[in-house]
Structures are given as C-alpha cells and as structure tokens.
Amino acid sequence: MDAGSFRVDRKRALDKLMKFQLPAPRFFALAWVQAAVAGKATRISIGEGPEGLRLECDGPPWSESDLRDPYSAFFNRPPGWRGARAAAFAVGLLSAFRLEPREIILSSGKRRLRMRGVTEEASEALDVPVDGTVIDVVGVSRAGLESLAGRCRWCPAELTLMGERVAREEPRGPFLDFSAEGKSGRVWLDTSERPASSIELIVY
C-alpha cells in the first residue's frame, strides 16, 4: 500500500471515529489532562499561548517513535502508560480539530510534531530540548474552557486552568482505587442502598 492510499484509508477510519468521540469539541482539553496524568505528569497548566491555547505539563517526554503517527493508539495501542497517554491524546486531537484550528503543535523533549488536520502532520528535531510537554492549539480561543474545572476536581496532578489553581475535592464516603493496563482511577461507592453488595471493576 502506498502512502497516498494509507492516508485516504486512515482519514476514512478517523472520520468515522470522530463521530463517536467526546460530546463537545471543547472537551479536547479534558482528554489532554487525562493524557498528561497517564504520562506521569505532576503539574499541568492550561492557558493562553502566543497564538491560541496552550497546555504545558511535566513528565517523561514523547519520543520520536511516539510521535510517528499520533493516531496509531486507536489501531495498535502500545502497552502500559505510553499507550494510555497516546490514546487519550488522540481522542483530544479528534475533538480539537472539530474547532478548526490553524495548527496544533506538540513540543516535547527533542521533538516537535506539527499537525494541520487528521492526515497532515510532520515531525522535526528541536535544536533546544523542551522540558516536559507543550501543546499549542493555534487559532482557538479560551471560550468555554472554564467549565472544565468542575470535571477535574479529582485530578491527581496539580492543575492550573487559565491562571487559577483548580482545588482538588475529596468526596465523602468509601472508595476503591484501581490500576491496570496503564489506566488508573478512583470510584466512590454509595453503600446506603445495599451495604452487603459486592463490586467488580472491569478495566478496558
């Protein structure tokens, strides 16, 4: 299969996947927060960049192989935390492109990935390495992102949204932590109705 055919086939597959992604395009930032957490970030910041929105986080940088195909996790997901990070980033990409940005740029470690659509991207080496990861969404405003704070109240990393620290909330009641296949989280349990119930978590 030549490169042209691959691009056409991938675009068709991604166009179908896009219909089943996040309910609102603005949720792309939520998916990228999930990607940062999966990528072992301890600090995440979302705010205004030079030409649009910018997300910055610490954690291990993306490698050249990680950035070879930003959507590969949909079809051949790597194991562990790298696969979880790649999958969440890809979900955010599909939603972000629904906002029609001029360009999305991911800079991390020694590499930079420029994307201008679901089938147009180019990776390049950086002369000066970047600490952590920086994602710029060029041509997209901050409108609507303030509502994400309520969805990130249990983010395990320190999260700053539009210059303000998002306060972490710990709900009352029993909870169950889980971690498997690069995914982790916490489920709070309501035991008021069935105190003797058993609970099984399936992570996929």
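Helices (H or I, at least four residues) and strands (E, at least two) are DSSP runs, numbered from the N terminus. This is a predicted model: local features need pLDDT of at least 70, side-chain atom pairs count only at pLDDT 80 or more, and totals for chains, interfaces and linings use all residues. Residues are numbered from 1 along each chain as its sequence is written, and side-chain values use heavy atoms, with hydrogens and water left out.

**View 1. The whole chain has four helices and eight strands.** Reading from the N terminus, the elements go α-α-β-β-α-α-β-β-β-β-β-β. Of the 204 residues, 39% are buried, where buried means under 20% relative accessible area, exposed over 50% and partly exposed in between (1.4 Å probe, protein chains only). The accessible surface is about 11,900 Å², and carbon and sulfur atoms hold 50% of that; these areas come from the Shrake-Rupley method with a 1.4 Å probe, and for residues only the protein chains shown count as cover. Take the contacts (heavy atoms within 4.5 Å) with a separation of 6 or more: 55% of them link residues 24 or more positions apart.

**View 2. Helix H2 is largely enclosed by the rest of the structure, because nine of its eleven residues are buried.** The buried set is Phe 28, Ala 29, Leu 30, Ala 31, Trp 32, Val 33, Ala 35, Ala 36 and Ala 38. What do they pack against? Their partners are H4 plus five strands, E1 (43–48), E2 (52–57), E3 (103–117), E4 (120–138) and E5 (158–161).

**View 3. Here helix H2 (residues 28–38) meets helix H4 (residues 80–97).** Their axes come within 8 Å and cross at roughly 165°, so H2 is roughly antiparallel to H4. Axes are lines fitted to C-alpha atoms, for helices over the stretch in contact, and angles run from 0 to 180 degrees between N-to-C directions. Angles under 35 degrees count as roughly parallel, over 145 as roughly antiparallel, 65 to 115 as roughly perpendicular and the rest as oblique. The H2 and H4 crossing is left-handed, a label used if the near helix is turned anticlockwise from the far one by less than a right angle (right-handed if clockwise). Among the H2 residues that touch H4 are Phe 28, Trp 32 and Gln 34; the H4 side includes Trp 81, Arg 85, Phe 89 and Leu 93.

**View 4. Zoom in on Gly 92, which sits in helix H4.** With 0% relative accessibility, Gly 92 counts as buried. Leaving aside neighbours within four places in sequence, Gly 92 is in contact with Phe 28, Ala 31 and Trp 32. Gly 92 and Gln 34 are 58 residues apart in sequence, yet 9.4 Å apart C-alpha to C-alpha.

**View 5. Two loop residues have a positive phi: Lys 40 and Met 162.** Most residues other than glycine have a negative phi. Lys 40 follows H2 and lies in the loop between H2 and E1, with phi near 70°. Met 162 belongs to the loop between E5 and strand E6 (164–165), and its phi is about 55°. At 17% relative accessibility, Met 162 counts as buried.

**View 6. Why do Cys 152 and Cys 155 not form a bond?** Their sulfurs are 6.1 Å apart, too far for a bond. A disulfide here is a pair of cysteine sulfur atoms within 2.5 Å, and the count by that rule is zero. Both cysteines are buried, Cys 152 with a relative accessible area of 7% and Cys 155 at 10% relative accessibility.
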